[in-house]
Structure formats: structure tokens, C-alpha cells
Amino acid sequence: MIVEQKLIKLFTANDNLQAEMIISTLKDNDIPALKEDLGNAGLMNLYGGNSKYGENIYVAENNYAKAKGILSNMGLV
């Protein structure tokens, strides 16, 4: 059975590098996450590692509190 989860924006990372660091840390704590490139940074972000507009990171609603705590431990909130 597939259970649908509501996604909540957790954080806006400054660039791809910061977003990947956060997603990796969340994954290490069993929290799936996804990112959304902002603006037209898609390819430049992929090859350059930076995004002019940042990247939103989303987690499932049931993981939000735990994920926010992890960001706090990382000094990001």
C-alpha cells in the first residue's frame, strides 16, 4: 500500500553544495528529502556547484520536527 505524504519546505540552502550537505545529513538520519532549484539555475547549478537563487529542501510532514532538530544541530536555524 502506498501512503501519500505531504511535503513541507524545511530550508532554503544558499547553493547546491549546502543543499547536498543537508540532504546527505538527513539521509544519514533516515529522513528522505528532495531539493528544488530556484530560478533558472538548473544546468549551471549542476555543473558549477552554485545557485544564484538557492535551493529549497523539502521533507515529509511526519519527518519535519526531527529534520528541523538536525538543522539546528548543524547550526543552520
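## Strand pairing and nonpolar core in a predicted model

L7 lies in strand β1, which covers residues 7-13; helices (H or I, at least four residues) and strands (E, at least two) are DSSP runs, numbered from the N terminus. This is a predicted model in which local features need pLDDT of at least 70 and side-chain atom pairs count only at pLDDT 80 or more, while totals for chains, interfaces and linings use all residues. Residues are numbered from 1 along each chain as its sequence is written, and side-chain values use heavy atoms, with hydrogens and water left out.

L7 counts as partly exposed because its relative accessibility is 44%; buried means under 20% relative accessible area, exposed over 50%, and partly exposed in between (1.4 Å probe, protein chains only). Not counting residues up to four places away in sequence, L7 touches L34, Y58, V59 and A60, where contact means heavy atoms within 4.5 Å. Although L7 and Y58 are 51 residues apart along the chain, their C-alpha atoms are separated by 6.0 Å.

Strand β3 (residues 55-60) is largely enclosed by the rest of the structure, because six of its six residues are buried. E55, I57 and V59 point one way from β3, whereas N56, Y58 and A60 point the other way. Two strands pair if DSSP finds at least two bridges between them, and β3 pairs with both β1 and β2, as the table sets out.

| Strand pair | Sense | Bridges | A bridge partnership |
|---|---|---|---|
| β1 and β3 | antiparallel | six | F11 with I57 |
| β2 (residues 33-37) and β3 | antiparallel | five | K35 with I57 |

I57 of β3 is thus the bridge partner of F11 and also of K35.

I57 also belongs to the largest nonpolar core, which has 13 residues; L10, L26 and I57 touch the most other members. A nonpolar core is a set of buried Ala, Val, Leu, Ile, Met, Phe, Trp, Tyr and Cys residues joined through side-chain atoms within 4.5 Å. Two or more residues of this core come from each of β1, α1 (16-28), β3 and α3, and α1 gives the largest share, four residues. L26 is in contact with L10, I31, A33, I57, V59, A67 and I70, leaving aside neighbours within four places in sequence. In soluble globular proteins, nonpolar side chains tend to be buried together.

N63 is found in the loop between β3 and α3 (64-73). N63 counts as buried because its relative accessibility is 17%. Beyond its neighbours within four places in sequence, N63 is in contact with I31 and P32.
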